[in-house]
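Take a moment to look over the model below. We will walk through it in steps, beginning with a ligand and ending with the domains.

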Amino acid sequence: MDLVGTRRKRNYTTIISNSLKDSYPHNLQMYSFPPGNEIQLSEFEELALERLQLFRTIEYTTQKGLRIYSEEWKECVYGELIKNELKRYLRLAKSTDFENPSDIDLQARRADHISHFILRLAYCRTESLRKWFLARELEWFKLRFLQQSPKSIEKFLKLNNLTYTSISPEEKAKFYSELSDSTANAYAVDQLNFYKVRFTEVPSLIKSRRVFVHKGYAYIPNFELVTCILGIFRSSLNEALVYANRRLPLMDDDRINFLITNLHNIYTGKDYSQNFNSGKVGLTSLDVYARDHFPLCMKYVYGILKSTHHLKHDCRLQLGLFLKGIGLTYEDSMTFWKNEFTKKIDSGKFDKEYAYNIKHMYGLVGQRTSYSAYSCIKIISSNVGVGDHHGCPYKHWDSVILRTKLNELGMTTEAVEDIVNTASKGHYQIACCKHFEYIHGQQNKVAISHPNQYFEESLECSKENKNQKSQDTPKIVKKQKANDTTLEINDIDWNEDI
Amino acid sequence: MLKTVLENESRQVFAEEQFQQALHIYYEKLYPFKTLFKWLSYGDPLYILKREIAFTTLNDRYIRHKSFQSEEDFQQYIFKKNPAKIDIGAVCHVPPRDYAVVPVCRPIEKELVFDIDINDYNEVRTCCKETDICPKCWKFICLACKILERILIEDFGFKHLLWVFSGRRGVHCWVSDKVARQLSNEERCSILAYINLIKGNTNVQRKVHLPSKPLHSSVQRALEIITKNFIDFIIIEQDILNEDNNGLHKFLKLLWDCRQNEFKQVMSKCKTSIERWNAFVIHLNLLQKSNCLPNKLKYLKEEIMLHYTYPRLDMAVTQSLDHLLKAPFCIHAKTGKVCIPFRVSDMDKFNVIQVPTLSVVLDELNNYYQKQTLNNHFNIYKSDKNFECNHILNTSLCDSYNILLNFVMELEL
Ligand code: SF4
Ligand SMILES: [Zn+2]
């Protein structure tokens, strides 16, 4: 990409910068058009890092176990935003209305807009980056959407050409009892407007059985409209990311390339898909590790494998990828599974039916992707069926059983009660964290978000017994404003046509 | 050859090489390639070309990533390989047979499939254990199918459902509407979560927990269907509250969070399952009326009824586009039974013990030939073009074949 003066002209829609007020009529945006103004490289960087920090904050707050979008959660996000001096985002996060924006409001909208597009470039490059980015964008969008006044929402829909027509009074009368029984949180059906949308547009409402579904249509009440809008936002952004990824090779400005290729490294923690640790853990130490350092979900499954010499598919994946993540090599892994399984079946059968599976985990066959170990969120939200053992104990077990198992592990009654209580309130990861603390006898204050993280922290703890580290939100180190070359943002291949 | 094989087998079970030969004849004379192929291509030759078909050979090798251009190709391949099992996979973005060249083969579309297996009912059935199945516990499957079918049709508006007996102890359902085929993994999961009420693994006692608000209309409908059968089937026939079969003990475990001991006393006073159930209901009503129970136990009775009877689905099969599923009309390797399509509306008449086996249908075929030969010197080795229709209609697979045919016709390809 060229710098000012020599750049090629491209013909796409540009937002004229004359009036920020015209460009940004609303706090909420669908980011349908790329930004069109000039921007300093230093600002470019700053904006990118700020948005990252915003997203990290949101993610971190959720990982702490607070229920997302709850008041507590929001307060916590606000607090972190203040602490990290993200004033513009704090403003946006708290806004409820679009009218009479101050100059600061408009600057915030602009920053939101431009930084979104920068991160799009940085995060379009791999499936897992896209996924992470998409999830955060959606959370950021929803957080603000939920705050808006009815009038503000109306305006937003109009600005973005989104129209929904409500069902006729006759249809409403016909399904009156179904609507009132099946619509979650609907206290007065008479006062609600219902919209009919294809069930595929609102998977999250279908999933939680929150709406009436009939002949392929979901009947959604006005207060669930956000789900539809989010669905649209998600699919257009998803498409835009795939598109941006294809255009990426066309970018040839080294400074920008450097920033966007390194952005996620500045930031994202480990993804446990590569075995960085490969070879660190040997077969002989596995039993001891399982006893001392595995989180409950893995400890339990490991025990089942050792006693029954068999695990079902999902269970194998949960444990297998975890083991890979803590550093079991492919060869050791094969030996390990084979040893266990062949206590019950002959080795020919193992080779035929299960070996492929192990190879698969290490990305040696099939789509040849290297699979990441499951995160807590993934394990917690997995479907567990009858006769299954995988899943998160704090979520998927009855309290009685959880209590028994914790007792068997030799925990004090008080500890057991505390953990069981926390779990039954739905704070699964916090329960897990408490378990950790009771075992290691220290206030670790770290949120457990990944079984492999649990493992590593646990190992740390036992290594440097007293020398405990306190961990806060990872700080993003802002770079110095080095080269203040003017850079036109038009030069970057924004994905113009969403 | 046909003759020698068939003469030898008045027995139900074949010796190994006889099984091989019999299977070959079955594929050659009876297997409905044409209809199957028509279904899987949905009127588009490219669609089937990109469809993954997998095979298990008789010596237990698994061959994946096959795909076929034409019905003849498909047929010839099967004649040559004589596979023990044919599996149907997803439609991929490139023909899977180019797998060697294009290492990534991404699944794009597939029917929405469901798998219900009697194994998952082990904790609630009392008549059989492990992999056994009898007409009594088959009723669990019937009930599950009825509930599932109504959800798929009435709630999701699907029209093209093919139900197939899986050969031993369960059923498969193929939802083939275009919308269903195009569902993403995430959408499949959301449908599954909508349908599924049975939650929790081996470490959960009562596997159904309903929120204490009004019941969702789909759950209400399931309960209506269940209520019609619950007393006769679950309480009386399965005798779930009997002490001898450990039923009462298991039942009381379900009440771990609700005055277990109190109920134990009340129920142990009665003798039969039906008396015990009534005692349970009466006592529960009493407690509920006098506000003795927390709100989350508002639907305890319903939860228990659902625990015993609501469809227990194999999640993994439905969840992902990647999962392969056995094709209809395959022969189950262990039971020799044909995986026949059926209608849920006729399911009460479906006798799981009497599903035609490979040897039975070949017998029937043989009898038919003999008659033909006597009558008009019909040469059985002469290959006729429409072999599939002609022959299968003269066996007990006729009805099942017509079901498949109808299903494919209704797709209006
Ligand atoms: S919270 Fe995470 S690490 Fe802990 S048991 Fe659950 S899934 Fe495992
Ligand atoms: Zn039985």
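A residue counts as near a molecule if one of its heavy atoms lies within 4 Å of that molecule. Keep in mind that this is a predicted model.

Start with ligand 1. Which residues surround ligand 1? Four are cysteines: Cys297(A), Cys376(A), Cys392(A) and Cys432(A). Pro295(A), Pro393(A) and Pro451(A) are there as well. Ile379(A), Tyr394(A) and Gln429(A) complete the group. Some parts of chain A give two or more residues to this shell. They are α19 (376-380), α20 (393-396) and α23 (428-440).

Now sort the shell by class. It has 9 nonpolar residues and 1 polar residue. Charged residues are absent from it. And the space itself? Ligand 1 takes up the largest cavity.

Next, step back to chain A. How is chain A divided? Domain 1 is made of two stretches, 20-147 and 230-267. Domain 2 covers 159-227, and domain 3 covers 286-484.

Look at how domains 1 and 2 of chain A meet. Their centres, taken over C-alpha atoms, are separated by 30 Å. On the domain 1 side, 10 residues make contact with 6 residues of domain 2. About 650 Å² is buried between these two domains of chain A, and carbon and sulfur atoms give 72% of that area. Within domain 1 of chain A, Met30(A), Leu230(A) and Ile232(A) lose the most area to domain 2. Together they account for 48% of what the domain 1 side buries.

Finally, turn to chain B. Its assignment gives domain 1 (2-112 + 316-410) and domain 2 (120-160 + 185-309). Each of these domains is written as two stretches of the chain. The centres of domains 1 and 2 of chain B, again taken over C-alpha atoms, lie 37 Å apart. What joins the two sides? In chain B, 16 residues of domain 1 are in contact with 16 residues of domain 2. The area buried between these chain B domains is about 1600 Å². Carbon and sulfur atoms give 69% of it.

Conventions: Residues numbered from 1 in each chain as written. Chains lettered and ligands numbered in written order. Predicted model: local features only at pLDDT ≥ 70, side-chain atom pairs only at ≥ 80, totals over all residues. Heavy atoms only, no water. 1 Å grid on protein atoms, 1.4 Å probe; cavity = no way out; pocket = protein on both sides within 12 Å on 5 of 7 lines; lining within 4 Å. Sits in = over half its atoms within 2 Å of the grid points. Helix = DSSP H or I, 4+ residues; strand = E, 2+ residues; numbered from the N terminus. Nonpolar A, V, L, I, M, F, W, Y, C, P; charged D, E, K, R; others polar. Domains from an automatic or database assignment. Contact = heavy atoms within 4.5 Å. Buried area = accessible area lost by both parts, 1.4 Å probe.
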